[in-house]
Amino acid sequence: MKVHRNVSLKQFSYWRVGGTADFIFVVNSIFELREALDFLHDLNLPYLIIGNTSNLLFSSSGVRGGLIKLGPKFSYCDFEHQVVTVGSGIFLPYFVRQCVNKGLSGVEHLIGVPATLGGAVYMNAGSQRKSLSENIISIDSIDANGNLITRYESDCMFSYRDSIFQSKSELILSAKIKLETKNVSLIRRECLSILKSRNEKFPRKKPSCGSVFISNPEMYDTYGPPGKIIEDVGLKGFKIGGASISSQHANFIVNDGEATDIDILNLIAIAINKVKSETGFKLKSEAKYVSEDCMLINADVAALSLIK
Ligand SMILES: Cc1cc2nc3c(=O)[nH]c(=O)nc-3n(C[C@H](O)[C@H](O)[C@H](O)COP(=O)(O)OP(=O)(O)OC[C@H]3O[C@@H](n4cnc5c(N)ncnc54)[C@H](O)[C@@H]3O)c2cc1C
């Protein structure tokens with residue numbers, strides 16, 4: 001197990017925001033996970049499982065606790081005909097490429113999502129109006145008492161950017177995923193076209209967490225997706241401190257270099273309040289905030305409590 005102390009989250013996290021984390025553990029087995037949890041328990045410190053941090057905003061005051069990341073031993077994919085068993089530490093774009101190379105189709109929409117498989121299961125990630133859950137057969141996880149649990153897709157309570165794991169303290173270990181055979185060059189072309197369209201639409205040069213707000217079907221039918229609405233209420237390009245609502249896509253908040261958690265939470269709060277007053281709809285965030293005491297809170301809730 002690798003233990004990193006006093007890690008700068010500004011350097012480590014995807015959004016490049018955050019103070020110092022007391023500990024980051026990189027575990028390569030359930031035994032090492034147990035050791036990390038025991039160590040933190042003895043110090044009376046809380047913990048949070050992290051993937052690639054691509055959906056997380058860390059407190060600029062740092063995190064008093066331990067972040068637990070799955071190491072290379074959890075990064076595997078075992079193919080058996082059209083079913084693949086995938087370790088939850090695997091980097092999603094790498095996993096999609098493995099499927100493409102084998103002529104297996106179904107997860108192409110995830111090619112540009114900079115996540116681990118575990119984070120993608122937790123969030124039920126997706127794009128192109130698809131979600132990972134559509135291809136899930138089952139998920140293996142482990143609870144805080146060390147019990148191994150297998151859940152079939154129908155028991156995972158998947159919905160838009162949500163899963164049962166958001167209301168459990170479990171570590172997602174692996175997923176069984178079903179795919180279908182297709183011509184390799186067709187799948188490859190589909191992936192390239194998805195990447196091209198993402199590169200044109202989304203800001204790439206500055207750190208972000210992808211879409212900050214989730215879409216709501218009723219709001220979509222009346223006003224459109226969150227990015228369009230935020231643009232329509234005049235907030236595209238709006239800047240606070242070191243962060244701004246992207247001038248390329250208004251559902252992205254980018255770190256212009258020195259963003260703090262408060263800059264980003266303020267932008268989230270302003271977007272929620274302006275959209276609410278002009279449309280009546282309350283935006284909900286996809287991004288999650290990690291507080292100094294290592295609590296995971298929806299970023300919209302954190303943002304609104306900040307400005308009360
Ligand atoms: C440029 C960019 C583009 C993006 N595009 C998309 C997109 O098209 N579609 C989309 O859905 N999302 C997108 N996202 C958001 C993000 O990639 C997803 O939410 C993703 O699922 C997060 O995965 P992660 O591994 O980074 O998890 P993290 O951000 O590290 O964690 C997210 C949550 O998952 C939990 N978690 C992570 N791993 C585990 C595990 N093994 N066991 C239990 N819990 C775990 C964490 O505790 C946390 O609550 C984008 C982000 C960026 C930066």
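**Sheets, helices and aromatic pairs in a predicted model**

Q: What makes the sheet of strands 13-14-15 antiparallel and open, and which strands stand at its edges?
A: In this predicted model, 3 strands form an open sheet in the order 13-14-15, with antiparallel pairing. Strand 13 (239-240) and strand 15 (253-255) stand at the edges; each has a single partner strand, so one side of each is left without a neighbour in the sheet.

Q: How do you know that strand 13 and strand 14 pair?
A: Two strands pair if DSSP finds at least two bridges between them. Strand 13 and strand 14 (residues 243-245) have 2 bridges, in the antiparallel sense, so they meet the cut-off. Lys 239 stands opposite Ser 244 in strand 14.

Q: Which strands are the edge strands of the sheet 6-7-11-9-10, and what makes them so?
A: This open sheet has 5 strands and antiparallel pairing. Its edge strands are strand 6 (77-80) and strand 10 (148-152), as each pairs on one side only. With direction ignored, neighbouring strands of this sheet are turned by 15° against each other on average.

Q: How do you know that strand 9 and strand 10 pair?
A: The pairing needs at least two bridges. Strand 9 (residues 136-142) and strand 10 pair over 5 bridges in the antiparallel sense. The bridge partner of Ser 141 is Ile 149 in strand 10.

Q: What does helix 3 touch when it packs on the sheet?
A: Helix 3 (residues 92-101) touches strand 6, strand 7 (83-87) and strand 11 (171-178), and its direction makes about 25° with that of strand 6.

Q: Why are helix 8 and helix 9 called roughly perpendicular?
A: Angles of 65 to 115 degrees count as roughly perpendicular. The axes of helix 8 (residues 261-279) and helix 9 (residues 299-306) cross at roughly 90° and come within 8 Å. The two helices are therefore roughly perpendicular to each other.

Q: Which residues make the contact of helix 8 with helix 9, and how do they divide?
A: Helix 8 contributes residues including Ile 262, Leu 265 and Ile 268, and helix 9 residues including Ala 299, Asp 300 and Leu 306. The residues of the contact divide into 10 nonpolar, 2 polar and 1 charged.

Q: Which residues of helix 9 are buried, and what do they pack against?
A: Ala 299, Asp 300, Ala 302, Ala 303 and Leu 304 are the buried residues of helix 9. They pack against helix 8, strand 16 (288-290) and strand 17 (296-298).

Q: Why is the pair of Phe 23 and Phe 25 called stacked?
A: A search of the whole structure finds 5 aromatic pairs. In the pair of Phe 23 and Phe 25, the centres are 5.8 Å apart and the planes make 25°. Pairing needs centres within 6.5 Å, and planes under 30 degrees apart count as stacked, so both conditions are met.

Q: Why is the pair of Phe 23 and Phe 39 called edge-to-face?
A: The planes make 85°, at 5.3 Å centre to centre; over 60 degrees counts as edge-to-face. Phe 23 lies in strand 2 (residues 20-27) and Phe 39 in helix 2 (residues 30-42), so the pair ties together parts that are 16 residues apart in sequence. Phe 23, Phe 25 and Phe 39 form one aromatic cluster.

Q: Buried or partly exposed: what are Phe 23 and Phe 39?
A: Buried means under 20%. Phe 23 has a relative accessible area of 8%, so Phe 23 is buried. Phe 39, at 31% relative accessibility, counts as partly exposed.

Technical notes:
Residues are numbered from 1 along each chain as its sequence is written. This is a predicted model: local features need pLDDT of at least 70, side-chain atom pairs count only at pLDDT 80 or more; totals for chains, interfaces and linings use all residues. Side-chain values use heavy atoms; hydrogens and water are left out. Rings of Phe, Tyr and Trp (its six-membered ring) pair if their centres lie within 6.5 Å; planes under 30 degrees apart count as stacked, over 60 as edge-to-face and the rest as tilted. Helices (H or I, at least four residues) and strands (E, at least two) are DSSP runs, numbered from the N terminus. Buried means under 20% relative accessible area, exposed over 50%, partly exposed in between (1.4 Å probe, protein chains only). Axes are lines fitted to C-alpha atoms, for helices over the stretch in contact, and angles run from 0 to 180 degrees between N-to-C directions. Angles under 35 degrees count as roughly parallel, over 145 as roughly antiparallel, 65 to 115 as roughly perpendicular and the rest as oblique. Contact means heavy atoms within 4.5 Å. Ala, Val, Leu, Ile, Met, Phe, Trp, Tyr, Cys and Pro count as nonpolar, Asp, Glu, Lys and Arg as charged, and the others, Gly among them, as polar.
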